[in-house]
Amino acid sequence: MSYKIIVDSCGELTKEMKESGIFESVALGIEVGGHHIVDDETFDQADFLKRVSESPECPKSSCPSPERYMESYQCDAQRVYAVTLSAELSGSYNSAVLGKNLYTEEHGEKQIYVFNSRSASIGETLIAQKIAECEEQGMEFEQVIAAVEKFIARQNTYFVLESLETLRKNGRLSGVKALVASALNIKPVMGGSEEGTIYQIGQARGMKKALVKLVDTLVEKVEDPENKILAIAHCNCKERANDVRKMIEEKIHVRDVIILDTKGISSMYASDGGIIVSI
């Protein structure tokens, strides 16, 4: 194997990615209600959502250690790429970079590059797939890096939350604003900025209208959709994800579509019923 792609566990992996032997998921951790959850194959979404709903405190995440990343770099692959949750949202990127430095100190130089996704969840998935696509095309290491960084700069990620409760618990909304929004059934439509931060695009009364706004925003912003993969992650709402897919495909033609259920960190951000879309 000439290359390896490491993705922190905020990024969902498809079945094919898991079975390829090329991709590796590095787990983040979650603390909720005094219980520690490892975001790996043992993650139980239903149990997690139940614990979150019962806890008065916001769940907190912890990123992989630099040593954990260094372990992943210790492989037979000549070229190693890591994809992490936005550096503006997590320390995972910094840990991956420190892990690279540790590897170099102990084992010498190796072609290792860490991508700051400036995104999350399914956005990381698309970046990891883009790396593999470039490698399979026979690109050199530096060419892969340049192509994928360009891809990241043009990527668009949007999401709609069913509930504002997690934002309230995180202190991103005042309690009053959250209660008023909930009473009026107002759903915020959020997006990822070029810097990797989260910002509000708009809002709508009711989930259906909010999803229409998300779709309209995506269609307006996307460039060259015929050559892009549409990726949708959902937190316990597959039917809603399929509805979003249909709404988008009625307006634009895409190369392929991926729909995945969220893992632990993405479930923490999205909350029950949340939808994340990236292209």
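## A pocket and its lining

Let's start with the second largest pocket, which has 16 lining residues; Lys130, Glu133, Phe151, Asn227 and Lys228 are the ones nearest its centre. The pocket belongs to a predicted model, and the space inside the pocket comes to about 380 Å³.

What kinds of residues make up this lining? Eight are charged, five are nonpolar and three are polar. Two helices are worth finding here: α5 and α6 (141-154) each contribute at least two residues to the lining.

## The overall fold

Stepping back, the protein chain contains 11 helices and 13 strands. Its C-alpha trace spans about 60 × 45 × 30 Å along the principal axes. The radius of gyration of the protein chain is 19 Å, and this agrees with a compact globule of 279 residues, because such a globule would have a value near 19 Å.

How much of the chain is buried? Of its 279 residues, 52% count as buried. Contacts also link distant parts of the sequence: among contacts with a separation of 6 or more, 74% are between residues 24 or more positions apart.

## Two nonpolar cores

Inside the protein, the largest nonpolar core is made of 26 residues. Which of them have the most contacts within this core? They are Ile30, Ile37, Phe48, Ile122, Ile258, Ile265 and Ile276. Several elements supply at least two core residues each: the strands β3 (29-32), β11 (229-234) and β12 (256-261), together with the helices α2 (45-54), α5 (122-136) and α11 (264-270). Helix α5 may sound familiar, as it also supplies at least two residues of the pocket lining described above.

Apart from this core lies another one, with 23 residues, including Val160, Ala210, Val244 and Val277.

Ile122 is a good residue to look at up close. Leaving aside residues up to four places away in sequence, Ile122 touches Glu12, Ala231, Ile232, Ala233, Ile258, Leu260, Ile276, Val277 and Ser278. Two of these partners, Ile258 and Ile276, are listed with Ile122 among the residues with the most contacts inside the largest core. Another partner, Val277, is part of the 23-residue core.

## A look at Asn101

To finish, find Asn101 in helix α4 (residues 92-107). Is Asn101 buried or exposed? It falls in between: Asn101 counts as partly exposed because its relative accessibility is 37%, while buried means under 20% and exposed means over 50%.

Met70 is 31 residues away from Asn101 along the chain, and the C-alpha atoms of the two are separated by 8.5 Å.

Note on methods
Residues numbered from 1 in each chain as written. Predicted model: local features only at pLDDT ≥ 70, side-chain atom pairs only at ≥ 80, totals over all residues. Heavy atoms only, no water. Core = buried A, V, L, I, M, F, W, Y, C linked by side-chain atoms within 4.5 Å. Buried < 20%, exposed > 50% of the residue type's maximum accessible area, 1.4 Å probe, protein only. Helix = DSSP H or I, 4+ residues; strand = E, 2+ residues; numbered from the N terminus. Contact = heavy atoms within 4.5 Å. 1 Å grid on protein atoms, 1.4 Å probe; cavity = no way out; pocket = protein on both sides within 12 Å on 5 of 7 lines; lining within 4 Å. Points joined across faces, edges and corners; volume = space filled by probe spheres on them. Nonpolar A, V, L, I, M, F, W, Y, C, P; charged D, E, K, R; others polar. Rg over C-alpha atoms; globule rule 2.2 N^0.38 Å.
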